[in-house]
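Biologist: Could we go through this model together? I should like to begin with one residue and then move on to the chain.

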Amino acid sequence: MSDVTKNYKTKYMIFNILSICLTLLPMLIYVIIGFAQGSVQEKVVLGLTTFVAIALSMINLLFKYSIRSTIWILLIGVYVCLDKITTLLIIIAVCTIVDEFVITPLKKKYKEKYKINKEIDARLPVNE
């Protein structure tokens, strides 16, 4: 694998991780806060919605669907535990916009460049 191909692969992986973090990190922080501050009944509801969201996320990751839809299931559980989620909604909106219009296009760009350079590397003769 050439240095250019490795560079594109690294950039693709970085933007992929950033995309996942922007999607999941705000909700994970509020789920932890919800478990810390909620009553027993609220924790049960949050636990059930978290379980459903994790199960759906695994299915989405296996079939390479977007994991953004499961965030709304978690939001229901967080809403039960926490009174004010306006800040969370704003954070999710900003993260979604940044991910959708900045990170995801860059991720796709570097993924395509990585694929193309990988094919080019496969065609080049190997010098031993």
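Biologist: Which residues is Asn117 in contact with, leaving aside its neighbours within four places in sequence?
Modeller: Asn117 is in contact with Val4, Thr5 and Tyr8, once neighbours within four places in sequence are set aside. Contact here means heavy atoms within 4.5 Å. This is a predicted model, in which local features need pLDDT of at least 70 and side-chain atom pairs count only at pLDDT 80 or more, while totals for chains, interfaces and linings use all residues. Residues are numbered from 1 along each chain as its sequence is written, and side-chain values use heavy atoms, with hydrogens and water left out.

Biologist: Is Asn117 buried or exposed?
Modeller: Asn117 is buried, its relative accessible area being 16%. Buried means under 20% relative accessible area, exposed over 50%, and partly exposed in between, with a 1.4 Å probe and protein chains only.

Biologist: Where does Asn117 lie?
Modeller: Asn117 lies in helix H4. Helices (H or I, at least four residues) and strands (E, at least two) are DSSP runs, numbered from the N terminus.

Biologist: How many helices and strands does the chain have?
Modeller: The chain has four helices and zero strands. The radius of gyration of the chain is 19 Å, well over the 14 Å that the globule rule gives for 128 residues, so the chain is more spread out than a compact globule. That radius is taken over C-alpha atoms, and the rule is 2.2 Å times the number of residues to the power 0.38. Along the principal axes, the C-alpha atoms fill a box of roughly 65 × 25 × 20 Å.

Biologist: What share of the residues counts as buried?
Modeller: Of the 128 residues, 30% count as buried.

Biologist: Turning to the interior, which residues touch the most other members of the largest nonpolar core?
Modeller: They are Met27, Leu75, Val78, Leu82, Ile85, Leu88 and Ile92, in a core of 14 residues. A nonpolar core is a set of buried Ala, Val, Leu, Ile, Met, Phe, Trp, Tyr and Cys residues joined through side-chain atoms within 4.5 Å. H3 supplies the largest share of this core, five residues.

Biologist: And which residues does Leu75 touch?
Modeller: Not counting residues up to four places away in sequence, Leu75 touches Met27, Ile85, Leu88, Leu89 and Ile92. Another core, of six residues, lies apart from the largest one, and includes Tyr8, Tyr12, Phe15 and Tyr110.
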